[in-house]
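Trainee: I'm new to this one, and I'd like a close look at a single part. What classes of residue make up the lining of the largest pocket?

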Amino acid sequence: MKHYEVVAAIIEHEGKILCMQRNKGKFDYVSYKYEFPGGKVEAGEENHTALERELREEMDMHITISEQDYFMTINHTYPDFAITMHCYLCKLAHPKFVMKEHIDAKWMLPDEMHTLDWAPADYPILEKIVAYYRK
């Protein structure tokens, strides 16, 4: 089974979190699901710089991320592949971006995010975000 090292951004602006909806993909179980934006880490790349690159490539979003922004790591096995996803909490001053690969984007309060249909690997992140923002 293939294993991918991936990164994801939990992007916050004025108390709301950016939730991105995937397009139709190779696997139905992740098609059209909501996720935190990010992508694959390339060989020799640090996680936070991979995330900066992915956000630039997929969303024209220029954001500086450091290892201090680390939030959590998820290991999840789908039927056809497995991922290790490193997540970073990112504050955004200007919520401008271009959707190049996703089909929808919503800025939501953490307590409302559970109403979306999330990719299975993103659920543990969602739960931790809700608890984090309730503090």
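Mentor: It's a mix: 14 nonpolar residues, 11 charged ones and five polar ones line the largest pocket (nonpolar is Ala, Val, Leu, Ile, Met, Phe, Trp, Tyr, Cys and Pro; charged is Asp, Glu, Lys and Arg; polar is the others, Gly among them). Keep in mind that this is a predicted model, where local features need pLDDT of at least 70 and side-chain atom pairs 80 or more, while totals for chains, interfaces and linings use all residues. Numbering runs from 1 along each chain as its sequence is written, and side-chain values use heavy atoms, with hydrogens and water left out.

The largest pocket holds about 750 Å³ of space. Its lining has 30 residues, and R22, E35, G39, K40 and F81 are the closest to the centre. (A pocket is an open set of points on a 1 Å grid where a 1.4 Å probe fits, with protein on both sides within 12 Å along at least five of seven lines; lining residues have an atom within 4 Å of a point.)

Where does the lining come from? At least two residues each are supplied by β1 (2-13), β4 (38-40), α1 (47-59) and β6 (81-91), with β1 giving the most, five residues. (Helices are DSSP runs of H or I with at least four residues, strands are runs of E with at least two.)

Now follow β1 and β6 to another neighbour, helix α2. The buried residues of α2 pack against both of these strands, and also against β2 (16-21) and β5 (70-77). Those buried residues are I125, L126, I129 and V130 (buried is under 20% relative accessible area, exposed over 50%, partly exposed in between, with a 1.4 Å probe and protein chains only). They sit on the same side of α2, because they cover an arc of only 135° around its axis. Over on the other side of α2, E127 and R134 are exposed.

Back to β1: the loop between it and β2 holds E14. E14 isn't a glycine, yet it has a positive phi of about 50°, and it counts as exposed because its relative accessibility is 70%. Further along, Y32 lies in the loop between β2 and β3 (34-35). Y32 is no glycine either, and its phi is positive at about 65°. With 41% relative accessibility, Y32 counts as partly exposed.

Methods. Grid points are joined across faces, edges and corners, and a volume is the space filled by probe spheres set on the points. The arc is that of the directions from the helix axis to the C-beta atoms. Contact means heavy atoms within 4.5 Å.
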